[in-house]
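Q: I'd like to learn how to read contacts and folds from a set of coordinates. Could you take me through this one step by step?

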Amino acid sequence: MKFQVNSSVLAEAVAWTARVLPGRPALPVLSGLLIEAADDLYVSAFDYDVSARAQIDADVAEPGRVLIPGRVLVEITKSLPDRPVEIARSGAEAVLRCGSLEYSLLTLPDEDFPNLPLMPPKIGAVGGGVFAAAVGHVAAAASRDETLPMLTGIRVDIDGVQVTMAATDRYRIAAEDFLWHPERQDERHGVVVPARVLVEVARALRGGEVSIGLGENIAGFSSHGRTTTVRLLDEQFIDYRSRLSQQWAIHADLAVAPFVEAVKRVALVAERNTAVRLAFAQDHVRIQAGGAEIGRGTEIIEAELAGDDIQIAFQPHYLLDGLNGVETERVRLYMDSPTRPALITGEGDSGFRYLVMSLRLT
């Protein structure tokens, strides 16, 4: 095997693929990046649950493949000078040359590297920006507790041209609707994708159009020569729709940016695991936090209230996660009582909904 490629193009492909390398690989070969030279160049990684493959242009003199330790290759390629790179296999070594720089890298046995899953059949496509925004808005609510795998995922429900993503950690539910381009108008699917993988995919593929494929127990995402596949979680999930569609006796409208900044300022004196308290009146909300150990903070901002005055409290970062998902200029909080959850949405039909548990007032 022997090929030549632009150093920055190689470095970008290697870095993108290496993001799925396992921290503690089950087998030594899974710590490697597989480089295959054919008509084009392919850089791949796989840990049996997630695969990543990048396709780039290269001048291939001799087709072949080589498996190089991934972390080492990332560090080397990102430090290369802006010159063409040549990689050639020589026995048990891969020789990398860039100008006068040369590395001879011990390789891993590529014959032991598992076959990558194929990209499953395409079911539709969506703009990378829309996809990334939706994932970013709901992923904050996904659980990090690996003992409950279902809650570490993002539920993706597809109904024709509409997609809904949802996540929960039992203390809040985040959901967002968006439109996409299905391959068939009667597409109906409901799957749960690991949130950490979907976040990485969204971040990496936010430019251009993202093609989405589904197969038996696998999902695939592809854009501009970059493909990721991931094993799906159990499709069981809570009935989030019913919890987000209840009736509310009270709602308050506020400008998002001043509200976020005020919560951040007041929360600076919030003690660990204590609440930010919101006291809504007809034309304002009083935001308070703090206690005996640090001190107290209070700020008042404008708010429009429909319904009775109400005091309600939330964990600061839970509240801010919900507000960060609102992309409109104003936010609406739906409330019933100080002891029941509240619903955060953007103004109009924004598609974003965030249900968050309240804390007992003290």
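A: Happy to. Let's begin with a definition: a salt bridge is a side-chain nitrogen of Lys or Arg within 4 Å of a carboxyl oxygen of Asp or Glu. Please keep in mind throughout that this is a predicted model.

Q: Which residue forms a salt bridge with K122, and how far apart are the closest N and O atoms?
A: The general idea is that side chains of opposite charge can pair when their charged atoms come close. Here the partner of K122 is E183, and the closest N and O atoms are 4.0 Å apart. K122 belongs to strand 10 (residues 122-127), while E183 is in the loop between strand 14 (181-182) and strand 15 (188-194), so this salt bridge ties together parts that are 61 residues apart in sequence.

Q: Are K122 and E183 buried or exposed?
A: Neither label fits, because buried means under 20% relative accessible area and exposed means over 50%. K122 has a relative accessible area of 39% and is partly exposed. E183 is partly exposed as well, at 47%.

Q: How many salt bridges does the structure hold?
A: The structure holds 22 salt bridges. One of them joins the side chains of R155 and D157, at 2.9 Å from N to O. Both of these residues are buried. Another links R172 with D169, with 2.7 Å between N and O. R172 is buried at 5% relative accessibility, and D169 is buried at 9%.

Q: Which residues are joined into one network by salt bridges that share partners?
A: The network takes in E36, R53, R65, R89 and D110. R53 is also worth a look for another contact: R53 lies over the face of Y42, at 4.1 Å from the ring centre.

Q: Where does the charged end of R19 sit?
A: The charged end of R19 sits over the ring of W16, 4.2 Å from the centre of that ring.

Q: Let's move on to rings that meet rings. How many aromatic pairs are there?
A: The count comes to six aromatic pairs. Among them is the pair of F131 and F221, with 5.9 Å from centre to centre and 40 degrees between the planes. Planes under 30 degrees apart count as stacked and those over 60 as edge-to-face, with the rest called tilted, and this pair is tilted.

Q: Which parts of the chain does the pair of F131 and F221 tie together?
A: F131 lies in helix 3 (residues 128-139) and F221 lies in strand 17 (residues 218-223), so the contact connects parts that are 90 residues apart in sequence. As for their surroundings, F131 is buried with a relative accessible area of 1%, and F221 is buried with 3%.

Q: Now for helix packing. What is the angle between helix 1 and helix 2?
A: Two values describe the packing: the angle between the axes and the distance between them. Helix 1 (residues 7-18) and helix 2 (residues 70-78) pack at about 150 degrees, with their axes 9 Å apart. That angle makes helix 1 roughly antiparallel to helix 2. The crossing of these two helices is left-handed.

Q: What about the backbone? Which sign does phi have at Y48?
A: Phi of Y48 is positive, near 80 degrees, in a residue other than glycine. Y48 is found in the loop between strand 3 (41-46) and strand 4 (50-56), and is partly exposed with a relative accessible area of 37%. N217 is another non-glycine residue with a positive phi, near 65 degrees. N217 is placed in the loop between strand 16 (209-215) and strand 17, and is partly exposed at 39% relative accessible area.

Q: Let's step back to the whole chain. How many helices and strands are there?
A: The protein chain has seven helices and 27 strands. Along its principal axes the C-alpha trace spans about 75 × 50 × 35 Å. Of its 362 residues, 52% count as buried.

Q: How far apart are D145 and S337 in space?
A: D145 and S337 are 29 Å apart, C-alpha to C-alpha, and 192 residues apart in sequence. D145 lies in the loop between helix 3 and strand 11 (153-159), and is partly exposed at 30% relative accessibility.

Technical notes. Residues numbered from 1 in each chain as written. Predicted model: local features only at pLDDT ≥ 70, side-chain atom pairs only at ≥ 80, totals over all residues. Heavy atoms only, no water. Phe/Tyr/Trp six-rings, centres within 6.5 Å; stacked < 30°, edge-to-face > 60°. Helix = DSSP H or I, 4+ residues; strand = E, 2+ residues; numbered from the N terminus. Buried < 20%, exposed > 50% of the residue type's maximum accessible area, 1.4 Å probe, protein only. Lys NZ or Arg CZ within 6 Å of the ring centre and 35° of its normal. Axes fitted to C-alpha atoms, helices over the stretch in contact; angles between N-to-C directions. Parallel < 35°, antiparallel > 145°, perpendicular 65-115°, else oblique. Left-handed = near helix turned anticlockwise from the far one by under 90°.
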